[in-house]
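User: I should like to learn how to read the features of a structural model. Could you take me through them one at a time, with the general idea before the particular case?

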Amino acid sequence: MKIFITKRIPQKGIDLLTAAGHEVAIHDSSTPLSPTDLIQAGQQADYILNGGMQKFDEEFFENCPNLKALSLMSVGHDNVDIPAATKYGIPVSNTPGVLSGATADVAFLLMLAVSRKAFFNHKQILQGQWKGFDPTAHLGIELNNKTLGIYGLGRIGFEFARKARAAYNMEIIYYNRGRNLEAERILGARYVNFDDLLTQSDVLSIHAALTSETSNRFNLDTFKRMKNSAILINTARGGLVQEDDLASALRLGELWGAGLDVTNPEPMAADNPLLNLENVCILPHIGSATVETRDNMALMAASNLLAAIKGEKMPQIINPEVYT
Ligand code: NAP
């Protein structure tokens, strides 16, 4: 079978596919494919493994009649028009679970870095602005016994809440559309409505998927309802946060600070004003970027494709209705 990989992935995943006797072509470039080139690749391949942030819209599925399955090397699938994939009979899979610990680590890293203004203080050294020890300068805030609010307490939110509870005895509150009874039982997490999540959180961490319902959910109105001493963390998708509003809220002192692993758009422009604010820490979408996690994601994405090639249900199927 002909498999097209949209961006180089860890070798373990490629080896799994070639060892099974399949022909693999890779778009080995840091520049994403144009929509036209992606369609052309999809017309020549039987299967696609998406290693990057390519968008798969209805036009893509409509124009790739030979395509049999699409495997994403990510848990997020906001880049794929899933109803369109289903309409054209294409099963789509993702890589849930294997990246939860690594992504939760980045949420933790950002929470701690923002609480101590770590990135800003580091920049001060680079700029020759470190004038010596000062008892009243560089002050951060502590996390012990504070309240951690999770917007979207699923796999990654759970891992982050577990770490924050173990490290700082943080009280966990959360808002989902449904209850997470396991988190309530294991972490003592308390389900609250969205307004209480905003007003009670000392740290509010975003972990819900980007959908039409969650897009720009965090904006000036929501920031104004949060504590002035609160920290906002986003490791989900940039589109959940209105970034201009976030910059305004930080300048107005509506929030203590923010830590972002994801931005809108990506990559973030180097002159984005958020990068120069004192209480902001931004990372270039590295949530799952460890050797171990990326290997596991590549293996899982390849295994999903191998199942599809054998005519089996993809283990991590996103649109199971495609099989009926
Ligand atoms: P998950 O297990 O599906 O958890 C997402 C949670 O969000 C669910 O508990 C869901 O609960 C809740 N949710 C969904 N829609 C909501 C809404 N409208 N309002 C409130 N809560 C909502 O997903 P995950 O594996 O933790 O991944 C979460 C997201 O992280 C992914 O979608 C992806 O975008 C992002 N991610 C980022 C990185 C990175 O590198 N930074 C890495 C991996 C994943 P209900 O259904 O009950 O609402």
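User: How many residues surround the ligand, and which are the closest?

Analyst: One begins with a list of neighbours. In this predicted model, the ligand is surrounded by 27 residues. The closest are Arg155, Ile156, Arg177, Thr235 and Asp261. By class, the shell comprises 10 nonpolar, 12 polar and five charged residues.

User: Which atoms of Ile156, Asn176 and Glu213 lie opposite polar atoms of the ligand?

Analyst: For a polar contact, one looks for a pair of N or O atoms within 3.5 Å. Ile156 contributes a backbone N or O atom, 2.9 Å from an oxygen atom of the ligand. Asn176 uses an N or O atom of its side chain, 3.1 Å from a ligand oxygen atom. In Glu213, a polar side-chain atom lies 3.4 Å from a nitrogen atom of the ligand. As for cover, the ligand taken alone exposes 930 Å², and the protein buries 86% of that area.

User: How should a helix be read, and what is the span of helix 5?

Analyst: An α-helix has 3.6 residues a turn, so residues three or four places apart point the same way. Helix 5 covers residues 100-115, which is 16 residues. From its first C-alpha to its last it reaches 23 Å, close to the 22 Å expected at 1.5 Å a residue.

User: How many residues of helix 5 are buried?

Analyst: Of the 16 residues in helix 5, 12 are buried, so the helix is largely enclosed by the rest of the structure. Among the buried residues are Ala104, Phe108 and Met111, and Val106, Leu110 and Val114 are also included. Helix 5 is followed by Lys117, with a positive phi near 50°.

User: What sign does phi have in Asn169 and Asn216, and where do these residues lie?

Analyst: Most residues other than glycine have a negative phi, and most peptide bonds are trans. Asn169 has a positive phi, near 50°, and is placed in the loop between helix 7 (155-168) and strand 7 (171-175). Because its relative accessibility is 45%, Asn169 counts as partly exposed. Asn216 also has a positive phi, near 55°; this residue belongs to the loop between strand 9 (203-206) and helix 10 (220-225). With a relative accessible area of 34%, Asn216 is partly exposed.

User: Is the peptide bond from Asn264 to Pro265 cis or trans?

Analyst: Here one reads omega. The bond from Asn264 to Pro265 is cis, with omega near 5°. A cis peptide bond also joins Glu266 and Pro267, where omega is about 0°. Pro265 is in the loop between strand 11 (257-260) and strand 12 (280-282), and Pro267 lies in the loop between strand 11 and strand 12 as well.

User: Is His27 buried or exposed, and which residues does His27 touch?

Analyst: The cut-off for a buried residue is under 20% relative accessible area. His27 has 18% relative accessibility and therefore counts as buried. Its place is the loop between strand 2 (23-26) and helix 2 (35-44). A polar atom of the His27 side chain is 2.8 Å from the backbone oxygen of Thr31. Not counting residues up to four places away in sequence, His27 touches Phe4, Ile5, Thr6, Lys7, Arg8, Pro32 and Leu33.

User: Where does Asn79 lie, and which backbone oxygen is close to a polar atom of its side chain?

Analyst: The approach is to join position, burial and contacts. Asn79 is in the loop between strand 4 (69-72) and helix 4 (82-87). At 8% relative accessibility, Asn79 counts as buried. The backbone oxygen of Gln54 lies 2.9 Å from a polar atom of the Asn79 side chain. Leaving aside neighbours within four places in sequence, the contacts of Asn79 include Asn50, Gly52, Met53 and Phe56.

User: Is Val192 buried or exposed, and which residues does Val192 touch?

Analyst: Val192 counts as buried, because its relative accessibility is 4%. Val192 lies in the loop between strand 8 (190-191) and helix 9 (194-200). Not counting residues up to four places away in sequence, Val192 touches Ile173, Tyr174, Tyr175, Leu197 and Gln200. The C-alpha atoms of Val192 and Arg179 are separated by 9.7 Å, and the two residues are 13 residues apart along the chain.

Key
Residues numbered from 1 in each chain as written. Predicted model: local features only at pLDDT ≥ 70, side-chain atom pairs only at ≥ 80, totals over all residues. Heavy atoms only, no water. Near = heavy atom within 4 Å. Polar contact = N/O pair within 3.5 Å; in protein donor to acceptor, adjacent residues only side chain to side chain. Areas by Shrake-Rupley, 256 points an atom, 1.4 Å probe, with all protein chains shown as cover. Nonpolar A, V, L, I, M, F, W, Y, C, P; charged D, E, K, R; others polar. Helix = DSSP H or I, 4+ residues; strand = E, 2+ residues; numbered from the N terminus. Buried < 20%, exposed > 50% of the residue type's maximum accessible area, 1.4 Å probe, protein only. Contact = heavy atoms within 4.5 Å. Expected span 1.5 Å × (residues − 1).
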